[in-house]
Amino acid sequence: MKLTIVGMAGSFPSPSSPASCYLVQADDAAGRTWSLLLDLGSGSLGALQQILDPFDVDAVAITHTHPDHFADLCGYYVYRKYHPVRGSERDASLRPTPVHGPSDTESRVAEAYGLPADERMTGQLAFAAWEPGVRVSVGPLEIEPFVVEHPVQAYGFRVTGPSTTAPGTRATLAYTGDTDSCPALVGLAAGVDLFLAEAAFVEGRDTVRGIHLTGRRAGLVAQEAGAARLLLTHVPAWNDPEVSLAEARSVYTGAVDLAVQGAVHVL
């Protein structure tokens, strides 16, 4: 299983990265590579095209419907519908891409795009709502959604798939999405090989609760959950990422790094 950071900027694209988008890939027993996107935030579709043909995306998993996590589904819809060679307007056999997300995902995407009330995106995107605790399979990958704490309906994901570093075994990635500390996080990250945790807030500066983690709070979850590695992401452009890193290291004894746009992590 491989994780590629397509975009990691928090709340809006930064000068060096699009907003949240993470590509998870794994091969099945027949050698076919499956590609899953975790979020498709503002600016990320452009960066994705440097890594993967958008037609090769097997499914998209959306954590919540804030623009920095779902906005480029609008462009992805256009790409799949109007591509002059492979789009659904030219190729009626093109199957829609499964999009799993909160219950309001389809309506939010349609509203953001400005779709007329009598039109649907079903020819390009097949929407399905998360059910807490109900796992979804994408080829050899298995996604388990966890309800997390954010001002809108939001989920974190536990993704399990075949290990690249230890053939014959399974590897697990946990992704918080956007959340503050909440009871679900320790179960989400329990014993994972890689914990991809947002760290948008800074201790002592951002005192509002119920929205985001700090580096320290992400580190505390990783420590309690026994995560093997911690990768901090969703750091806004106005933050010093080294501060978030230092906060996490003050409470977490494992390996911790910052997510970098374009970086690849093998599990």
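1. Let's start with the sheet. Seven strands build an open sheet, and reading across it you meet them in the order S6-S5-S4-S3-S2-S1-S14, with mixed pairing. At the edges sit strand S6 (125-129) and strand S14 (264-266), each of which pairs on one side only. Ignoring direction, neighbouring strands of this sheet are turned by 20° against each other on average. Keep in mind as you look that this is a predicted model.

2. Now zoom in on one pair from that sheet. Strand S1 (residues 2-7) and strand S2 (residues 21-27) run antiparallel, and five bridges join them. If you want one bridge to find on screen, try Gly 7: its partner in S2 is Cys 21.

3. Next, a helix to place against the strands. Helix H3 (residues 73-82) lies across S4, strand S5 (97-101) and S6. Compared with the direction of S6, H3 runs at about 140°.

4. Is His 64 buried or exposed? His 64 counts as buried, because its relative accessibility is 0% and the cut-off for buried is under 20%. You'll find His 64 in the loop between strand S4 (59-61) and helix H2 (67-70).

5. So who surrounds His 64? Skipping its neighbours within four places in sequence, His 64 is in contact with a set of residues that includes two other histidines, His 69 and His 150. Also among them are Asp 39, Phe 70, Pro 102 and Val 152. Asp 178 is on that contact list too, and here the side chains of His 64 and Asp 178 make a polar contact at 3.4 Å.

6. For another loop residue, have a look at Glu 203. Glu 203 sits in the loop between strand S11 (194-198) and helix H6 (215-225). With a relative accessibility of 35%, Glu 203 counts as partly exposed, since that label covers values between the 20% limit for buried and the 50% limit for exposed.

7. What does Glu 203 touch, not counting residues up to four places away in sequence? The answer is Thr 214, Arg 216, Arg 217 and Glu 247. There's also a C-alpha distance worth checking here: Glu 203 and Gly 215 are twelve residues apart along the chain, and their C-alpha atoms are separated by 7.9 Å.

8. Last, the annotation. An unreviewed UniProt entry lists residues 54-234 as "domain: Metallo-beta-lactamase". In the model, the span 54-234 is 22% helix and 26% strand, and its end C-alpha atoms lie 23 Å apart.

Technical notes: Residues numbered from 1 in each chain as written. Predicted model: local features only at pLDDT ≥ 70, side-chain atom pairs only at ≥ 80, totals over all residues. Heavy atoms only, no water. Helix = DSSP H or I, 4+ residues; strand = E, 2+ residues; numbered from the N terminus. Buried < 20%, exposed > 50% of the residue type's maximum accessible area, 1.4 Å probe, protein only. Polar contact = N/O pair within 3.5 Å; in protein donor to acceptor, adjacent residues only side chain to side chain. Contact = heavy atoms within 4.5 Å. Pairing = 2+ DSSP bridges. Axes fitted to C-alpha atoms, helices over the stretch in contact; angles between N-to-C directions. UniProt positions renumbered as here; feature names shortened; annotations may be inferred.
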